[in-house]
Amino acid sequence: MIIAVVVAVLAIIIGVIIALMIRRNKTPQVENVPTQTMGGLDVLCEPSSIALIADQGFLVTDVYGKQIWLINSISGSIYAGKGSVEDMYGQPLGGYNDSELKDSLFKEPWAISPFLDGYAVSDTQNNAIRLISSTTTQTVNGYSEELEIGDLGVKFDTPTGLATDEAGNLYISETGKGAIRRVTPDGEVTTVAEGLNGPMGLYSSGDYIYVAETASHRIVRVKDGQIEVVAGTGEETPEGGLGDGSVKKATFRYPQGVAVTDDGTVFVADTVSSTVRMIRNNKVTTILQREGDELDIEMYPVSPRGLFIDNGSLYVCDPFARRVYVLKLEDVY
């Protein structure tokens with residue numbers, strides 16, 4: 001399973017590089033939705049996921065600096081995680097330390113979602129779920145009758161996507177095990193779905209948990225342990241194509257993010273195809289596509305990942321481009 005996960009991750013990285021380098025003018029053109037760039041992020045920040053923090057702005061996970069940022073439209077500051085030892089190339093290595101916010105350490109803060117009195121963060125390379133409050137960073141020490149238990153509670157294998165339902169339950173994509181786990185507010189960990197192929201991005205909507213099944217190039221949703229395909233054939237979108245069309249014929253390319261509006265419209269961060277897709281009325285369309293052939297981070301999106309919907313806007317985290325893009329939903333429909 002570890003080998004399979006490594007292969008899948010390498011495929012995503014290689015796919016992004018190839019897609020950016022050999023994209024040709026024959027690529028179908030899309031009338032991109034008007035987009036703004038969220039300010040307040042340092043140029044070296046690689047935003048992976050975003051969550052709203054009441055009356056303050058947004059919390060953003062930074063997979064480069066291994067920190068959590070607090071940002072608004074014009075400014076940003078470090079909320080959790082301190083600067084760490086750097087490698088020979090000057091890049092932060094991160095670490096593992098539960099402490100006060102500014103003294104804590106993360107290895108790869110991938111996703112963030114509200115939980116208990118703070119925010120859960122999937123610390124992917126540490127194989128842990130961390131909980132940040134207004135003052136401290138802790139590890140979520142869940143218990144379970146069915147899962148492996150270690151010194152820090154339930155063991156997670158490469159946790160990535162997170163989502164929280166209306167009851168306060170936290171859902172975790174355990175990518176290394178191909179499963180979705182649920183953590184209740186009192187810490188009980190159970191399995192919601194198994195047998196998935198590299199699940200990553202999650203979103204809770206009504207009775208369903210929507211999943212970007214990354215390694216199977218499709219979007220599914222889970223209810224009562226049953227997995228239903230929302231869109232995608234399971235085949236990878238060809239290089240230079242978009243894969244739009246009916247939900248049964250549409251294709252994706254290693255999608256890592258998903259978000260759902262109140263009316264059931266599904267948005268997808270189709271990571272390796274450098275696009276943002278929309279699933280609506282049983283049809284998949286591309287609403288945002290990288291323009292041009294140059295390997296230029298200003299030609300967005302490059303590698304979209306985390307999606308978030310708030311107050312009529314769709315937020316798109318792009319760690320490769322080091323940007324968070326904002327799309328007004330009224331410009332999409």
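**Reading strands, sheets and surface**

Visitor: I'd like to start with one residue. Which residue in β22 is the bridge partner of G257?

Guide: That's A269. Keep in mind that we're looking at a predicted model. The general idea is that strands of a sheet pair through backbone hydrogen bonds, either parallel or antiparallel. Here β21 and β22 (residues 266–270) go for the antiparallel sense, with four bridges between them.

Visitor: And in what order do the strands of that open sheet run?

Guide: Follow β20-β24-β23-β22-β21: five strands, with antiparallel pairing. β20 (245–246) and β21 (257–260) each have a single partner strand, so they stand at the edges and one side of each is left without a neighbour in the sheet.

Visitor: Let's move to β4. Which strands pair with β4, and in what sense?

Guide: Take β3 (residues 57–62) to begin with: β3 and β4 are antiparallel, joined over five bridges. In that pairing, L59 sits opposite L70 of β4. The hairpin of these two strands has four residues between them, and K66 takes a positive phi near 60° there. Then there's β5 (residues 76–80), which also pairs with β4 in the antiparallel sense, over four bridges. Look for W69 opposite I78 of β5.

Visitor: How do I read cover on a strand like β4: are its residues buried or exposed?

Guide: The trick is to check each face. Buried stands for under 20% relative accessible area, and in β4 (residues 67–71) five of the five residues are buried. Q67, W69 and I71 are on one side, I68 and L70 on the other, and both faces are covered.

Visitor: What about S48: where is that residue, and how much of its area is accessible?

Guide: S48 belongs to strand β2 (residues 47–53). Its relative accessible area is 0%, so S48 counts as buried. Now look for P304: 256 residues separate S48 and P304 in sequence, yet their C-alpha atoms are 8.4 Å apart in space.

Visitor: Last one, the surface. Which residues gather in a patch of negative charge?

Guide: Find E145, E146, D186, E188 and E194, which form that patch on the surface. To place one of them, E146 is in the loop that runs between β9 (137–139) and β10 (149–150).

Methods:
Residues numbered from 1 in each chain as written. Predicted model: local features only at pLDDT ≥ 70, side-chain atom pairs only at ≥ 80, totals over all residues. Heavy atoms only, no water. Patch = residues over 30% accessible without salt bridge, like charges linked within 9 Å, V, L, I, M, F, W, Y side chains within 5 Å. Areas by Shrake-Rupley, 256 points an atom, 1.4 Å probe, with all protein chains shown as cover. Salt bridge = Lys/Arg side-chain N within 4 Å of Asp/Glu carboxyl O. Lys, Arg positive; Asp, Glu negative; His and termini not counted. Charge placed at Lys NZ, Arg CZ, Asp CG, Glu CD. Buried < 20%, exposed > 50% of the residue type's maximum accessible area, 1.4 Å probe, protein only. Pairing = 2+ DSSP bridges.
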